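The following report describes selected helices, their packing and a contact between two chains. The sequence and the model are shown first.

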Amino acid sequence: MAKKKADDVQFAPKGVGEIKDGAVQKGVDLPPATKKKHKDLGLSADKLKAMYEQMYLQRRFEERAMQQYQKGKFGGFLHLYIGQEAVSTGTVFALNDDDDIITAYRDHGWGLCRGISANEGMAELFGKATGCSRGKGGSMHFAKVDHHFWGGYGIVGGHIPIAGGLAFANKYNQNDRISTCFFGDGAVDQGALHETMNMAQLWKLPVILVVENNGYSMGTAAKRHTVAEIVDRAKGYAMKSAVINGMDVFSVYEKMKEIANDVRENSEPWFVEIRTYRYRGHSMSDPQQYRSKQELEDYQKIDPIQRLKTYILEHKVLSEEQIKEIDDKVEQEILDAVEFADNSDFPKEEELYEDMFEEDNPYFHV
Amino acid sequence: MAELQFREAIKHAIDEEMGRDERVFVMGEEVAEYNGAYKVTEGLLDKYGYRRVIDTPISELGFAGIGVGAAMNGLRPIIEFMTFNFAVLATDQIINHATKVKYMTGGQISCPIVFRGPNASAGQLGATHSVSYDSMYAHFPGLKVIYVSEPDDAKGLMKSAIRDDNPVIFMESEQMYGMKGEVSDEEDYIIPIGKGKIKREGDDVTLVAHGKMYHVAVQAAKQLAKDGIECEIIDPRTVKPLDLPLIIESIKKTNRCVVVDEAHPFGGLASEIGFLIQREAFDYLDAPVQRVCLPDVNAPFAKNLFDIWFPSPKQVIDAVNQVTYRN
């Protein structure tokens, strides 16, 4: 091999997000959405309404959270899920209520979908004692364990083996529950995923490992941080796999229900890539120079909430007026949540020492 | 009392607890069909079957995390590391997850799990197989850390570790597995976590030594006794919570202390105990506290270098001579 000049040596690939051959090179390519109607999927009008309300709640919760963050109402990191709501919603509606969900730090949508109220969620962001994690976790660590939402986790890939463990316990107890684990495309590059995939397949763990591929590992496009197609990782582990259009809640619902049934029946893991898109930056401090405005706009044109709304109206499930009623109700719920969070107390000083150990009078080294 | 090997004492504790609680299971490399790399889990597969004794791939991060998740979801895993030198790969799960899930979810999650295996060096195994990690784990809030020196302690403390509702690190030693000792045959023999033991009484100097170093301290004490120096040996057994009152009481009697610790010197148990003694018993000290540790150097392979590297009774005797102003 001929030697290159030092300046010509390259490691990480470059160029995604640029206009090439007249088109934007996207972080992800969406597979086609399902063509089935809600009735074909077994979704009642009430379910559809609940889905829409849930997605709109997640969206408005985060838009208001962003405002409050910018107003300086709370600190820390704030990773927004906006754009990805079809993934959480489609999944939660597809699973049984006692199936486990565990996710990474982009967790607000998941929490809201699994029973964290807007009040509890907003209060957690504010670091208040009334928050879902009593102000001890913050944005990245929402949890509602009695609803089988095991929480958001801040170490990329760190919660993937834990999901394997949740599934391990379910198999051990033969309780018919399955576990699902959501993580970003960035986590695909972590060894923890690969160790878990190997053991999950070897031990036939009832777990669904799901990449929410939103195209970017922080500021690095998927095609710049990981080789080949993500879903193909499954092949190396002889694992069942699927790619799902994550901008369409029906597609997520349909496929996740099918997969969940298979896992429950056969106690075998799946590796699933749900392709989606986040509209906001990685966190609030992200100038987003790694992607084009056009790409963002292209995705906003196929916004999952707008898409469901259009469907609902076209199929006359709800009228414009009824949709507006839902929107107004959600809007009020969020405004109330902001007020609730604002008016709630911070944890008491003695709570600093609580929740470390199980016993009532634990030992702390001084 | 029954005479048991160290490995048998641990196994008996695990066996009893598995018999008592169906949620307890064992997972690790070679624990099942191979019967344990050091035979600690010998026979458990036959007795409890494949559901509760599980061979893992060499994936410390992965199986430690599966253990954490299983503990969160209601089971009580005992995770065996072939050595804590390999557990370094699993520290994300131990440090970032096991110790933190309860706190950061505001108390919603419990994580009753035991991580166990041999700690520190075991002869000429080279630099990557010879590190003592007890002080490192003790640094982190949320962990209880046990490093035992004798079979009796191993039995009683292992049972406590398995019953504890928090993450516990339980450390052993490859070189001690074959060591025999009297073990209480009391039914359901429990030693509480956090309680040290005066294993030799003496008035002249306090030696604090745990794990393999306890035996080094015993050899030094025997030698010193011939010269009329009586050492009091305290084995803390649990590194964290540390039984400080036991140590301080002894210092008040002997007024001198040497800590023998198979860790590197910076920020280890020896330095922590030294600090605590000056804070709690400053007026009782007749000499500065001394320590015998590993040097701030990786473990060498060559036998002659290893022998210099590893703390010896001679170094303990020298340190005692120093605190008693006999040299």
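Just after helix α9 of chain B, Asn255(B) adopts a positive phi of about 65°. The model is a predicted one. The helix itself, α9(B), spans residues 244-254, and its buried residues are Leu244(B), Ile247(B), Ser250(B), Ile251(B) and Thr254(B). These residues lie on the same side of α9(B), because they cover an arc of only 130° around the axis. Their packing partners in chain B are the strands β9 (197-200), β10 (205-209), β11 (231-235) and β13 (257-260), together with helix α10 (269-281).

Helix α8 of chain B, residues 212-226, is likewise followed by a positive phi, here of about 85° at Gly228(B). The buried residues of α8(B) are Lys212(B), Met213(B), Tyr214(B), Val216(B), Ala217(B), Val218(B), Ala220(B), Ala221(B) and Leu224(B). Among the elements of chain B that cover them are β9, β10, β11, β13 and α12 (313-323).

Two loop residues of chain B may be set side by side. Arg237(B) is found in the loop between β11 and β12 (238-240). It counts as buried, because 27 C-beta neighbours lie inside 10 Å and the threshold for burial is 20 or more. Leaving aside residues up to four places away in sequence, Arg237(B) touches Ile146(B), Val148(B), Asp153(B), Leu157(B), Gly196(B), Lys197(B) and His210(B). Of these contacts, the one with Ile146(B) joins residues 91 apart along the chain, with a C-alpha separation of 6.0 Å.

Glu33(B), by contrast, is exposed, with 9 other C-beta atoms within 10 Å. This residue belongs to the loop between β2 (24-28) and α2 (44-48) of chain B. With residues up to four places away in sequence not counted, Glu33(B) touches Leu45(B) and Asp55(B). Between Glu33(B) and Leu44(B), eleven residues apart in sequence, the C-alpha to C-alpha distance is 9.5 Å.

The next topic is helix packing, within chain A and between the chains. The table gives the geometry of three pairs.

| Helix pair | Crossing angle | Axis separation |
|---|---|---|
| α1(A) and α11(A) | roughly 150° | within 10 Å |
| α1(A) and α12(A) | roughly 40° | within 9 Å |
| α5(A) and α3(B) | about 50° | 6 Å |

Helix α1 of chain A comprises residues 45-70, and α11 of the same chain residues 304-314; their axes cross at roughly 150°. That angle makes α1(A) roughly antiparallel to α11(A), and the crossing is left-handed. On α1(A) the contact is made by Leu48(A), Met51(A), Tyr52(A), Met55(A), Tyr56(A) and Arg59(A), and on α11(A) by Pro304(A), Ile305(A), Leu308(A), Lys309(A) and Ile312(A). By class, the residues of this contact are nine nonpolar, no polar and two charged.

With α12 of chain A, residues 320-343, α1(A) crosses at roughly 40°, which makes the two helices oblique. The crossing of α1(A) and α12(A) is right-handed. From α1(A), Tyr52(A), Glu53(A), Tyr56(A), Leu57(A), Arg60(A), Phe61(A), Arg64(A) and Gln68(A) take part, and from α12(A), Ile326(A), Asp327(A), Val330(A), Glu331(A), Glu333(A), Ile334(A) and Val338(A). Here the division is eight nonpolar, one polar and six charged residues.

Between the chains, α5 of chain A (residues 159-173) packs against α3 of chain B (residues 60-72) at an angle of about 50°. The helices α5(A) and α3(B) are therefore oblique to each other, and their crossing is right-handed. The residues of α5(A) in this contact are Pro161(A), Ile162(A), Ala163(A), Gly164(A), Gly165(A), Leu166(A), Phe168(A) and Ala169(A), whereas α3(B) contributes Leu61(B), Gly62(B), Gly65(B), Ile66(B), Gly67(B), Val68(B), Gly69(B), Ala70(B) and Met72(B). Eleven of the contact residues are nonpolar, six are polar and none is charged.

The contact between chains A and B as a whole takes 34 residues from chain A and 37 residues from chain B. On the chain A side, the elements giving two or more residues are β4 (149-153), α5 and α6 (191-202). The largest share of that side, ten residues, comes from α5(A). The side of chain A that touches chain B is made up of 16 nonpolar, twelve polar and six charged residues.

Technical notes:
Residues numbered from 1 in each chain as written. Chains lettered and ligands numbered in written order. Predicted model: local features only at pLDDT ≥ 70, side-chain atom pairs only at ≥ 80, totals over all residues. Buried ≥ 20, exposed ≤ 12 C-beta atoms within 10 Å, placed from the backbone. Helix = DSSP H or I, 4+ residues; strand = E, 2+ residues; numbered from the N terminus. Arc of directions from axis to C-beta. Contact = placed C-beta atoms within 7 Å. Axes fitted to C-alpha atoms, helices over the stretch in contact; angles between N-to-C directions. Parallel < 35°, antiparallel > 145°, perpendicular 65-115°, else oblique. Left-handed = near helix turned anticlockwise from the far one by under 90°. Nonpolar A, V, L, I, M, F, W, Y, C, P; charged D, E, K, R; others polar.
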